[in-house]
There are 2 protein chains.
Amino acid sequence: MSTKNKILDAAEQLFADKGFNGTSLREITSQAEVNLAAVNYHFGSKKELIKAVMSRYMNELSPRLESALQTLCNQEAQPSLVEVFSAFIEPLLSLNAFKENGTSNFLQLLGRGYTDSQGFLRWFLTTQYPTVISSFINAVQRAYPELTPEEMFWRLHFTMGTVVFTMSSSDALIDIAQNDFNKTIDISGVIQQVIPYVAAGVAAPIAP
Amino acid sequence: MSTKNKILDAAEQLFADKGFNGTSLREITSQAEVNLAAVNYHFGSKKELIKAVMSRYMNELSPRLESALQTLCNQEAQPSLVEVFSAFIEPLLSLNAFKENGTSNFLQLLGRGYTDSQGFLRWFLTTQYPTVISSFINAVQRAYPELTPEEMFWRLHFTMGTVVFTMSSSDALIDIAQNDFNKTIDISGVIQQVIPYVAAGVAAPIAP
DNA sequence: CGCTATTTTAAACGTATGTTTAAACTAGGT
DNA sequence: ACCTAGTTTAAACATACGTTTAAAATAGCG
């Protein structure tokens, strides 16, 4: 395995667990068993390393996601919201084949990116991957055309919040759930739980 | 104003904006116009300062919240979910009288507490303020008795995520919304938007 | 006033961070 | 084998952090 990939793998895991601010280059390079200077040699800076970790996932995910939404919108002119959100399942879970714990890690990273580092990652994602965002908005628009753009804006951000927050603390939540309910659950179980929730939230009656 | 309060005010604002990890004691003391050593003199450590900032709000909020939920449950044996969540409005907005931007700051701090600092703040809140949490669970239980404890667990955490995430980036979201829709909105407007969403999410039909 | 206890101050401490340097090492090609 | 381009390494760099120290200033009280 190349030094570059060893760094990316170690950084991904640590960033997901402890956030970007909370992880030092020395932790990363010691877990990756490479020299400290290797990060700056291969990536230039810590900020660029963060972008590289996210890009590896986004490049894997965004085409799958776009085609899933495309397929859905071609199959039926007015899909249901549950169908729209369910279109995320297969692309998201495919990240587990791409890499161990890929789904969970990616979603946790996404959560970190929104709260750590004063939103520079949000800017990076929305400017670098705008098409997948607009296909998603388009699909929701078809599913619930009565929603005004403003209400849709808020509800999609609420949805983002639900998913991203849940996933950024999913390890702790899964632990609690297993202790309290004696029931094994994994990331795909959480996804199954969250879809009805966000679909109903977006579908909520419009406030008077 | 006392040194202690100057520190608390400055810390609160900076913690809300940039997170606990992202804010240094030097930033806090320079904004508060006090000496660097004053933090350790008055609070002992940065960790204790974080607790003090949160406690100031929790001590203000939790009795109001508990009595609001109590009142609702006394008025009607089976309140609606919208009523349960609406019981949060007055106590939360009362923080604005307690302190400028109090509502927004507190909710942002809550969001930071869940993602920063590896959940030590979550432990602090759940152990220090358990009664308000259980009154809330009790109220939701009455509003939607068919919900199993496990489903309730997940949906309440989804709700927590929606609120906390939205509020921790509410400044940015309000900016975007104002640019895109030419419409002034404030924190209470966001609360009005979020209540139908979370109520519908919690009320979602139980997955088969 | 004079004494004591509390608070404030400037300076330093030790540690940790991201980054840079320059030398050592390691292929790959001719 | 030799040179070169790419890579790895140990060491140092400058800066920032939370915390501690001990002296100076302030306040409260008899």
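Helices here are DSSP runs of H or I, at least four residues long, numbered from the N terminus. With that in hand, welcome to the tour; please keep in mind that this is a predicted model.

**Stop 1: DNA strand C**

Start by selecting DNA strand C and the protein residues around it. Which residues come nearest to this strand? Of the 15 residues around it, they are A:Ser24, A:Ser45, B:Thr3, B:Asn35 and B:Ala37. Now colour the helices on this side. Helix 2 (25-32) and helix 3 (37-43) of chain A, along with helix 3 (38-43) of chain B, each give at least two residues to the surface near DNA strand C. If you colour by residue class, you will find 8 nonpolar, 5 polar and 2 charged residues on that surface.

**Stop 2: DNA strand D**

Next, select DNA strand D. Here too there are 15 residues around the strand, and A:Thr3, A:Asn35, B:Ser24, B:Leu25 and B:Ser45 come nearest. Helix 3 of chain A and helix 2 (25-32) of chain B each supply at least two residues of the surface near DNA strand D. Which helix provides the largest share of this surface? Helix 3 of chain A does, with 3 residues. The class count for the surface near DNA strand D is 8 nonpolar, 5 polar and 2 charged residues.

**Stop 3: the two protein chains**

Hide the DNA for a moment and show chains A and B together. Chain B superposes on chain A after a rotation of 180° with 0.0 Å of shift along the axis, at an RMSD of 0.1 Å. The two copies are therefore related as by a two-fold rotation axis. Both copies use the same surface, as 100% of the contact residues of chain B recur in chain A.

**Stop 4: where the chains touch**

Zoom in on the contact between the chains, where 39 residues of chain B meet 39 residues of chain A. On the side of chain B that touches chain A, helix 7 (102-115), helix 10, helix 11 (170-181) and helix 12 (187-202) of chain B each give two or more residues. Helix 10 of chain B gives the most, with 12 residues. By class, this side of chain B has 19 nonpolar, 16 polar and 4 charged residues.

**Stop 5: helix 10 of chain B**

Finish by selecting residues 149-168 of chain B, which form helix 10. This helix has 20 residues and reaches 28 Å from its first C-alpha to its last, close to the 28 Å expected at 1.5 Å a residue. Why can helix 10 of chain B be called largely enclosed by the rest of the structure? Because 14 of its 20 residues are buried.

Conventions:
Residues numbered from 1 in each chain as written. Chains lettered and ligands numbered in written order. Predicted model: local features only at pLDDT ≥ 70, side-chain atom pairs only at ≥ 80, totals over all residues. Near = placed C-beta within 6 Å. Nonpolar A, V, L, I, M, F, W, Y, C, P; charged D, E, K, R; others polar. Least-squares fit on C-alpha atoms with pLDDT ≥ 70 in both. Contact = placed C-beta atoms within 7 Å. Expected span 1.5 Å × (residues − 1). Buried ≥ 20, exposed ≤ 12 C-beta atoms within 10 Å, placed from the backbone.
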